[in-house]
Amino acid sequence: MLERTDDTHSTFMGYLLWIFGFLGAHRFYFGKPVTGTLWFLTLGLLFIGWIIDLFLIPSMNRQADRRFVGGPKGYNLSWILLTFLGLFGVHRFYLGKWVTGLLWLLTGGLFLVGYLYDYWTLNEQIDAVNTHARP
C-alpha cells in the first residue's frame with residue numbers, strides 16, 4: 001500500500017512557530033491540538049518539552065505530511081493568516097468560508113472562542129477543502 005506524502009507542512013514554519021512553542025503554536029500547526037493545549041497551559045511543560053521539541057520538529061513534519069491532503073489551499077498561508085489575522089476571520093475568507101469569516105470579523109473571532117476552535121481544527125478544515133477540490 002502506498003503512503004500519502006504530500007508536502008503540506010514546512011519544517012521551516014515549524015521552527016518559526018517553535019519560537020512561540022512554549023505556547024503550543026508549533027504543535028497546533030503539526031496537527032497535535034491536545035499537546036498544543038497542554039504546552040499552552042504549562043508553558044511548554046515548564047520549557048522542558050519546548051526544548052525537546054526542537055529535535056522532534058522534523059518527525060512532526062513528516063507525520064503531518066503523511067496525514068493531511070495537499071491541494072489549492074496552502075497550510076502555511078492558512079496558519080499565518082490564523083496566527084496574525086485570525087480575529088478578523090481572514091483565514092476563513094481564504095478557505096472560502098465567507099459567512100463564518102464575516103462572523104469572525106464582526107465578533108473578534110467569536111469572542112476568542114472561535115479563534116481557539118480554529119487552532120484546534122484548522123488542519124482538518126484545510127484538509128476538507130483540499131479533498132473536496134480534488135478531481
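Start by selecting helix H7 (residues 98–111; helices are DSSP runs of H or I with at least four residues, numbered from the N terminus), whose buried residues are Gly101, Trp104, Thr107 and Gly109, buried meaning under 20% relative accessible area with a 1.4 Å probe and protein chains only. This is a predicted model in which local features need pLDDT of at least 70 and side-chain atom pairs count only at pLDDT 80 or more, while totals for chains, interfaces and linings use all residues. Residues are numbered from 1 along each chain as its sequence is written, and side-chain values use heavy atoms, with hydrogens and water left out.

Add helix H6 (90–94) and helix H8 (113–133), which are among the elements covering the buried residues of H7. Then centre on leucine 105, where H7 has a kink of about 85°, the bend being the angle between axes fitted to the seven residues ending there and the seven starting there. Just after H7, leucine 112 has a positive phi of about 75°.

Next select serine 78 in helix H5 (residues 75–85), which counts as buried because its relative accessibility is 0%. Beyond its neighbours within four places in sequence, serine 78 is in contact (heavy atoms within 4.5 Å) with His91, Tyr94, Leu95, Leu122 and Ile126.

Finally, show helix H1 (residues 11–18) with helix H4 (residues 48–67), which pack at an angle of about 160° with axes 9 Å apart. H1 is therefore roughly antiparallel to H4, a term for angles over 145 degrees. On the H1 side, Thr11, Gly14, Tyr15 and Trp18 meet Trp50, Asp53, Leu54, Ile57, Pro58 and Asn61 of H4.

Technical notes:
Helices (H or I, at least four residues) and strands (E, at least two) are DSSP runs, numbered from the N terminus. Buried means under 20% relative accessible area, exposed over 50%, partly exposed in between (1.4 Å probe, protein chains only). Axes are lines fitted to C-alpha atoms, for helices over the stretch in contact, and angles run from 0 to 180 degrees between N-to-C directions. Angles under 35 degrees count as roughly parallel, over 145 as roughly antiparallel, 65 to 115 as roughly perpendicular and the rest as oblique.
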